[in-house]
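Visitor: Before I accept any label placed on a model, I would like to hear the reasoning behind it. Could we go through a few of them together?

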Amino acid sequence: MDDVSVTRRFLVLHGLENHRPQSHWQWWLVDQLRGRGEQVLYPQMPNADTPHLDEWIAMLVAEWEQMGDGERIVIAHSMGCVLWYEASARDAISPPADRALLVSPPGPSFIRTPIVASFFSGPWAAAPLRASSRSRIRLVSSDADPYCVDGPASTVYGEPLDLDAETVTSAGHITVDDGYGPWPDVLGWCLDPTTRFIEPDAAQR
């Protein structure tokens, strides 16, 4: 088992309509990390089905204030990625994260739909994201994400924003319905930032 750092904490941010089901890879990840003695915050965002950006940012800021003085590591999925960007654009992330992982951010076309339009302040810019993390932000997404019809997120966001992007083949939105309950690669990245995300084999799905 890896040595546990008592000076680091993880923050896990879920997405739209997510009520933290136990079958989701984020729940599995939190359980795995806590089982190793890691400190993990996994807040349930208010009004997950009809989110309000101000409420979600207020929750994020409140959780951020509990992250302590050690290493801060963020894992965001779907609208959690949008939340992280919008909070960054408001300069609400202070101090910056030490590491951040964005998984399956929805594309601009989806973000502009009525249910989530209030989350979208405009095209994403590199500067706020760069300022939100001390290290280069990682991006993991699929080449077949129904919530990113604008193109693979690695192209839509990764290249323009200088993110360290990886594309997993045919992984959908990387949700439970796409086979992502246990996801060893994301646990691997949490414990070792040099971990790369590869095509999951049958043992991982």
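Guide: What follows is a set of questions about labels given to parts of this predicted model, each answered by setting a value against its criterion.

Visitor: Why is Ser78 called buried?

Guide: The relative accessibility of Ser78 is 9%, and buried means under 20%, so Ser78 counts as buried. Ser78 sits in the loop between strand 3 and helix 3, where, leaving aside residues up to four places away in sequence, Ser78 touches Gly15, Val103, Ser104, Pro105, Pro106 and His173. Cys148 is 70 residues apart from Ser78 in sequence, while the two C-alpha atoms are 10.0 Å apart in space.

Visitor: What makes Ser109 partly exposed?

Guide: Ser109, which has its place in helix 4, has a relative accessible area of 36%; since partly exposed covers the range between 20% and 50%, Ser109 is partly exposed. Ser109 touches Val149 and Asp150, not counting residues up to four places away in sequence, whereas Ser109 and Glu86, 23 residues apart in sequence, are 16 Å apart from C-alpha to C-alpha.

Visitor: How do you know that helix 3 is mostly covered?

Guide: Of the 11 residues of helix 3, 10 are buried, and these are Met79, Gly80, Cys81, Val82, Leu83, Trp84, Tyr85, Glu86, Ala87 and Ser88. The buried residues of helix 3 pack against strand 1, helix 2, strand 3, strand 4, helix 4 and helix 5 (126-131), and just after helix 3, Asp91 takes a positive phi of about 60°.

Visitor: What shows that the buried residues of helix 2 line one face?

Guide: The residues concerned are Leu53, Trp56, Ile57, Leu60, Glu63 and Trp64. Seen down the axis of helix 2, these buried residues fall within an arc of 125°, so they line one face of the helix. As a general matter, an α-helix has 3.6 residues a turn, so residues three or four places apart point the same way. The partners against which the buried residues of helix 2 pack are strand 1 (8-13), strand 2 (39-41), strand 3 (71-77) and helix 3 (79-89).

Visitor: How does the span of helix 2 stand against the expected value?

Guide: Helix 2, with 12 residues (53-64), reaches 16 Å from its first C-alpha to its last, which is close to the 16 Å expected at 1.5 Å a residue.

Visitor: Which backbone angles deserve a second look, and why?

Guide: Most residues other than glycine have a negative phi, and most peptide bonds are trans. Arg20, in the loop between strand 1 and helix 1 (25-35), is not a glycine and yet has a positive phi of about 55°. Ser104, in the loop between strand 4 and helix 4 (108-111), also has a positive phi of about 55° although it is not a glycine. Arg20 is partly exposed at a relative accessible area of 27%, whereas Ser104 is buried at 0%. As for peptide bonds, a cis bond with omega of about -5° joins Ser94 and Pro95, and Pro95 is found in the loop between helix 3 and strand 4 (99-103).

Visitor: What kinds of residue make up the lining of the largest pocket?

Guide: The lining divides into seven nonpolar, seven polar and three charged residues. Among the 17 lining residues, Leu16, His77, Tyr147, His173 and Thr175 lie nearest the centre of the largest pocket, whose volume is about 410 Å³.

Notes:
Residues are numbered from 1 along each chain as its sequence is written. This is a predicted model: local features need pLDDT of at least 70, side-chain atom pairs count only at pLDDT 80 or more; totals for chains, interfaces and linings use all residues. Side-chain values use heavy atoms; hydrogens and water are left out. Helices (H or I, at least four residues) and strands (E, at least two) are DSSP runs, numbered from the N terminus. The expected span of a helix is 1.5 Å times one less than its number of residues. Buried means under 20% relative accessible area, exposed over 50%, partly exposed in between (1.4 Å probe, protein chains only). The arc is that of the directions from the helix axis to the C-beta atoms. Contact means heavy atoms within 4.5 Å. On a 1 Å grid over the protein atoms alone, a cavity is a set of points where a 1.4 Å probe fits but cannot get out, and a pocket is an open set with protein on both sides within 12 Å along at least five of seven lines; lining residues have an atom within 4 Å of a point. Grid points are joined across faces, edges and corners, and a volume is the space filled by probe spheres set on the points. Ala, Val, Leu, Ile, Met, Phe, Trp, Tyr, Cys and Pro count as nonpolar, Asp, Glu, Lys and Arg as charged, and the others, Gly among them, as polar.
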